[in-house]
2 protein chains.
Amino acid sequence: MTVLEKFQNGDKRALSKIISFIENRQDGYRELLGKLYSKCGHAIRIGVTGPPGAGKSTLVNGLLHQFLKANKKVGVIAVDPSSPFTGGALLGDRVRMNEFPLDGDIYFRSMATRGASGGLTAATNNVLVAMDAFGFDVTIVETVGVGQVELDIIDACDTVVVTLVPESGDAVQAMKAGLMEIADVFAVNKADRPNSDRIVTDLRSALEFKAHDEHTWMIPVIPTVAIEKKNIEELFEKILEHIAFIKANGNFETHRQLQIEKKIIAILKNRFEKEIVDKLASQVDFAQTIEAIYKGNADPYAVAGDLYNEYSKDIGS
Amino acid sequence: MTVLEKFQNGDKRALSKIISFIENRQDGYRELLGKLYSKCGHAIRIGVTGPPGAGKSTLVNGLLHQFLKANKKVGVIAVDPSSPFTGGALLGDRVRMNEFPLDGDIYFRSMATRGASGGLTAATNNVLVAMDAFGFDVTIVETVGVGQVELDIIDACDTVVVTLVPESGDAVQAMKAGLMEIADVFAVNKADRPNSDRIVTDLRSALEFKAHDEHTWMIPVIPTVAIEKKNIEELFEKILEHIAFIKANGNFETHRQLQIEKKIIAILKNRFEKEIVDKLASQVDFAQTIEAIYKGNADPYAVAGDLYNEYSKDIGS
């Protein structure tokens with residue numbers, strides 16, 4: 001049996017191999033991804049984000065138990081594109097994987113590909129496609145922080161859970177940080193700590209102030225204590241409610257189609273870049289042009305303008 | 001007098017206006033940048049990075065005093081592209097600015113442009129060009145962490161100072177985090193804390209193990225106590241030594257020219273993206289294509305391939 005056949009038979013080792021094949025962009029990965037695309041569209045995508053130490057992993061583990069109870073197969077991607085100074089993600093993963101049997105309905109994958117120059121978002125999306133094609137009902141992306149890369153990753157999800165802790169500050173800070181625009185559900189974790197009531201109430205009233213009517217999803221704020229599995233079921237219910245809500249109003253489909261459009265543009269851009277780099281490398285006088293710019297005798301915008309006109313006569317015509 | 005004339009006369013308010021103009025990509029900003037490019041090339045670029053709380057701002061302030069003593073004009077860019085969860089950068093900036101007179105030879109600029117989708121690196125580079133053209137002798141970019149965006153920003157610098165603290169771990173962790181490849185100078189700050197000797201010795205011996213000969217820059221490790229201005233002069237000297245070293249062996253020029261090449265490619269890519277997005281928007285059947293992909297009846301890679309062939313017949317020919 002080929003790896004792809006094993007993959008189609010539900011062999012998780014084949015899934016791991018196919019994910020690595022795609023991640024490493026081995027010859028033929030585009031064709032493979034093309035095939036996988038035609039088999040996907042079933043799995044829902046949940047994003048879980050929040051500051052380091054908010055208990056995201058414990059929260060996700062709690063959700064996993066809920067999904068298992070509902071007989072759902074779940075694939076989890078843990079992404080840590082953030083500073084190497086933070087470290088420590090991998091050990092955590094190994095610890096948590098012990099909580100679930102390897103032959104069960106849960107699959108974990110870590111993505112800690114630092115320095116993948118803009119490639120992490122694409123890589124994460126490709127892994128989501130592979131997991132979907134494999135037959136998972138649910139895929140969960142867990143990521144630290146909401147820097148640009150994390151925002152792009154989270155953007156691919158249908159439902160985004162933003163996890164805060166009582167120490168995260170107040171609603172004003174959350175608003176300034178743009179969390180109101182990212183979150184579909186807020187989880188205030190470690191809600192047994194002092195002041196947790198305040199941030200919950202605070203967030204709720206800030207959210208009520210936002211313009212809304214009967215067609216607007218009202219972002220719920222759930223106080224949780226993930227380590228004691230407290231309110232995890234409520235969080236789980238709210239996620240399902242949100243998915244049902246966006247499926248009913250058409251936003252699910254619109255958002256997914258927007259993601260496909262972005263994917264196509266990204267593929268086109270990458271191809272353009274590759275060809276332009278080759279072109280420039282083969283152009284004999286390009287080194288002199290660069291030197292002229294370096295010496296202040298030419299201007300990169302003017303040079304780029306000329307190059308663009310030269311290489312892409314058909315574009316824009 | 002026009003803003004540009006005031007800028008050329010050394011008016012810092014004109015500099016601020018011009019930076020904002022470029023940051024906001026107002027009409028004509030490309031032409032303006034083109035002009036500024038022809039006036040720049042004088043300022044050296046120093047990058048200072050490290051984990052939150054390592055004392056980077058205090059270290060930079062210490063360096064500023066050294067540069068002032070040497071009669072140098074310095075422009076500082078503080079970049080915080082990292083998670084909004086970390087917060088707090090702006091207040092810190094306002095506090096530190098009070099240390100230097102507004103009419104002196106120091107100029108500060110904060111860049112906290114979250115969500116500028118890939119634009120932060122370009123924006124930072126453009127501000128460096130504006131500062132250089134304004135007549136600064138030295139530009140310093142201070143950034144938290146070394147995620148992908150920070151790496152790209154730091155990449156534009158001639159000399160990179162990586163700031164660690166005794167708690168940052170050991171040389172093995174620094175190596176794993178890729179810090180050995182980024183750093184031209186290590187500063188182990190808060191070196192009055194316990195265990196600081198260990199990380200300093202540890203880093204030094206790890207660096208000696210790296211392959212080197214008389215043409216290799218030996219990365220120095222300087223223990224500092226920025227808050228007491230301890231060893232800041234030594235750090236300052238090492239930075240100047242590194243600049244002199246790369247100017248002598250040609251790496252300064254090679255690296256700068258590589259940055260120009262990257263800039264040109266980035267300009268071309270942006271222009272291509274803009275035109276392709278317009279094209280797709282005007283294509284009547286594109287929405288149907290997207291829907292076909294969404295339903296699993298088409299493959300984004302195949303679709304992108306066809307589009308590419310259609311729109312860019314000249315590219316690659």
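This is a short conversation about strands and helices in a predicted model.

Student: What makes β2 and β3 of chain A paired strands?
Tutor: Two strands pair when there are at least two bridges between them. Strand β2(A), residues 74-79, shares 6 bridges with β3(A), in the parallel sense, so the pair meets that criterion. A78(A), for example, stands opposite S110(A) in β3(A).

Student: Which sheet do these strands belong to?
Tutor: They lie in an open sheet of 7 strands with parallel pairing, in the order β3-β2-β4-β1-β5-β6-β7 of chain A. The twist averages 20 degrees from one strand to the next.

Student: Why are β3 and β7 of chain A said to stand at the edges?
Tutor: Each has a single partner strand, so one side of β3(A) (106-111) and one side of β7(A) (221-223) is left without a neighbour in the sheet.

Student: Which helix lies across β1 to β6 of chain A, and how does it run relative to β4(A)?
Tutor: That is α4(A), residues 56-69, which runs at about 170 degrees to β4(A). Angles over 145 degrees count as roughly antiparallel, so α4(A) and β4(A) are roughly antiparallel by that cut-off.

Student: Why are α3(A) and α6(A) called oblique to each other?
Tutor: Their axes cross at roughly 50 degrees and come within 8 Å. Roughly parallel would need an angle under 35 degrees, and roughly perpendicular one of 65 to 115. The crossing angle of roughly 50 degrees fits neither, and α3(A) and α6(A) are therefore oblique. The crossing is left-handed.

Student: What makes up the contact between these two helices, α3(A) and α6(A)?
Tutor: From α3(A) come L33(A), L36(A) and Y37(A), and from α6(A) come N126(A), V129(A), A130(A) and A133(A). By class, 6 of the contact residues are nonpolar, 1 is polar and none is charged.

Student: Over in chain B, how do you know that β1(B) is largely enclosed by the rest of the structure?
Tutor: A residue is buried if 20 or more other C-beta atoms lie within 10 Å of its own. In β1(B), residues 44-50, 7 of the 7 residues are buried, so the strand is largely enclosed. Both faces are covered, with I44(B), I46(B), V48(B) and G50(B) on one side and R45(B), G47(B) and T49(B) on the other.

Student: Which strands pair with β1(B), and over how many bridges?
Tutor: Strand β4(B), residues 138-144, runs parallel to β1(B) and is joined to it by 7 bridges, with I46(B) opposite I140(B). Strand β5(B), residues 159-164, also runs parallel to β1(B), joined by 4 bridges, and there V161(B) is the bridge partner of V48(B).

Terms used:
Residues are numbered from 1 along each chain as its sequence is written. Chains are lettered from A and ligands numbered from 1 in the order in which they are written. This is a predicted model: local features need pLDDT of at least 70, side-chain atom pairs count only at pLDDT 80 or more; totals for chains, interfaces and linings use all residues. Axes are lines fitted to C-alpha atoms, for helices over the stretch in contact, and angles run from 0 to 180 degrees between N-to-C directions. Two residues are in contact if their C-beta atoms, placed from the backbone, lie within 7 Å. A crossing is left-handed if the near helix is turned anticlockwise from the far one by less than a right angle, and right-handed if clockwise. Ala, Val, Leu, Ile, Met, Phe, Trp, Tyr, Cys and Pro count as nonpolar, Asp, Glu, Lys and Arg as charged, and the others, Gly among them, as polar. A residue is buried if 20 or more other C-beta atoms lie within 10 Å of its own, exposed if 12 or fewer, and partly exposed in between; C-beta atoms are placed from the backbone.
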